Amino acid sequence: MRTMHHHPSRRPQAFSLVETTIAVGIAATVLVALVGLVPVSLETMREAGNTTAEARIVQSISADFRMRSWSEVTKLDADAAGVDFHFDSQGARVSKGDSGVIFTARVHVTDAEPLPGATGSNEGLRAVRIMVTNSPRPDAAFLKPERCRHAQTLVAQTDSAPPAPTVASK
């Protein structure tokens, strides 16, 4: 008959309850930390998408104003309220009543600041100032410029017509 001897050098074949509890605790801690990062990453992704769309909007408006005739540009110079354009979530232009309107851009055309070394303002140069908001109430957002993204581009007269006379602001 064989007697069973316990050999101290042999390890047990299963995990103990303490080892299992520690492993589950570590796994739970890691999972909680990862789940906690999800809202932060979603917010970062949303802001990155908005920044990309806003860049497309500014680029689109800038190109639009560079392609306009000088008389159209100077006509907007007299409009103190500015002109609104509406865009979808990707930065593509849509009409005002469209259900896909996400962004609104308000454009003001003003006299450009004098160029360095110039003695006065250049009549053939206008500043196109663009404010972009994704607020559902753009008029309220435009009253608080800190809530909007701002951009500016310069538009130069390229046609041969003399510059239109400017109207003094009141």
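1. Start with Phe87, whose bridge partner in S2 is Arg93. Phe87 also has a partner in S3, and that one is Phe103. So that you know what you're looking at: this is a predicted model.

2. Around that spot, S1 and S2 pair in the antiparallel sense, with two bridges between them. The two strands make a hairpin with five residues in between. Have a look at Gly91 in the turn, which has a positive phi of about 90°. S1 also pairs with S3, again antiparallel, over five bridges.

3. Now zoom out to the sheet. In what order do the five strands lie? The order is S2-S1-S3-S4-S5, in an open sheet with antiparallel pairing. Strand S2 (93-94) and strand S5 (149-156) are the edge strands, each pairing on one side only. As general background, strands of a sheet pair through backbone hydrogen bonds, in either a parallel or an antiparallel way.

4. For the S3 to S4 pairing, follow residues 103-111 of S3 and residues 125-133 of S4: eight bridges join these antiparallel strands. If you want one pair to find by eye, Thr104 stands opposite Thr133 in S4. Helix H1 packs on this sheet and touches strand S1 (83-87) along with S2, S3, S4 and S5. The direction of H1 makes about 40° with that of S3.

5. It helps to place all this in the whole chain. There are three helices and five strands in the protein chain, and from the N terminus on the elements run α-α-β-β-β-β-α-β. Of the 170 residues, 24% are buried. Take the contacts between residues at least 6 apart in sequence: 56% of them join residues at least 24 apart. The chain's accessible surface comes to about 12,400 Å², and 61% of that belongs to carbon and sulfur atoms.

6. Is Ser62, a residue of helix H1, buried or exposed? Ser62 counts as buried because its relative accessibility is 7%, and the cut-off for buried is under 20%. Setting aside neighbours within four places in sequence, Ser62 is in contact with Ile130 and Thr153.

7. Further along the same topic, but with the opposite outcome, take Ile22, which also sits in helix H1 (residues 17-67). Ile22 has 51% relative accessibility and therefore counts as exposed; the line for exposed is drawn at over 50%. Ile22 belongs to a nonpolar surface patch of about 690 Å². The other residues making up that patch are Val18, Ile26, Val30, Leu31, Leu34 and Leu37.

8. On to charges. How many salt bridges does the count come to? It comes to seven. In general, side chains of opposite charge can pair when their charged atoms come close. One of the seven is Arg46 with Glu43, where the closest N and O atoms are 2.6 Å apart. The two are three residues apart in helix H1, so about one helical turn separates them. Arg46 is partly exposed, at 42% relative accessibility, and Glu43 is partly exposed too, at 34%.

9. Arg149 and Glu54 make another salt bridge, with 2.8 Å between the closest N and O atoms. This pair links distant parts of the chain: Arg149 is in strand S5 and Glu54 in helix H1, 95 residues apart. Which of the partners is buried? Glu54 is, at 9% relative accessibility, while Arg149, at 43%, counts as partly exposed.

10. Finally, back to Arg93, the partner of Phe87 in S2. The side chain of Arg93 meets that of Asp64 in a salt bridge, at 3.8 Å from N to O. Here too the pair links distant parts of the chain, with Arg93 in strand S2 and Asp64 in helix H1, 29 residues apart. Both count as partly exposed: Arg93 has 40% relative accessibility, and Asp64 has 22%. Salt bridges with shared partners join Asp64, Arg68 and Arg93 into one network.

Technical notes:
Residues numbered from 1 in each chain as written. Predicted model: local features only at pLDDT ≥ 70, side-chain atom pairs only at ≥ 80, totals over all residues. Heavy atoms only, no water. Patch = residues over 30% accessible without salt bridge, like charges linked within 9 Å, V, L, I, M, F, W, Y side chains within 5 Å. Areas by Shrake-Rupley, 256 points an atom, 1.4 Å probe, with all protein chains shown as cover. Salt bridge = Lys/Arg side-chain N within 4 Å of Asp/Glu carboxyl O. Helix = DSSP H or I, 4+ residues; strand = E, 2+ residues; numbered from the N terminus. Buried < 20%, exposed > 50% of the residue type's maximum accessible area, 1.4 Å probe, protein only. Pairing = 2+ DSSP bridges. Contact = heavy atoms within 4.5 Å. Axes fitted to C-alpha atoms, helices over the stretch in contact; angles between N-to-C directions.
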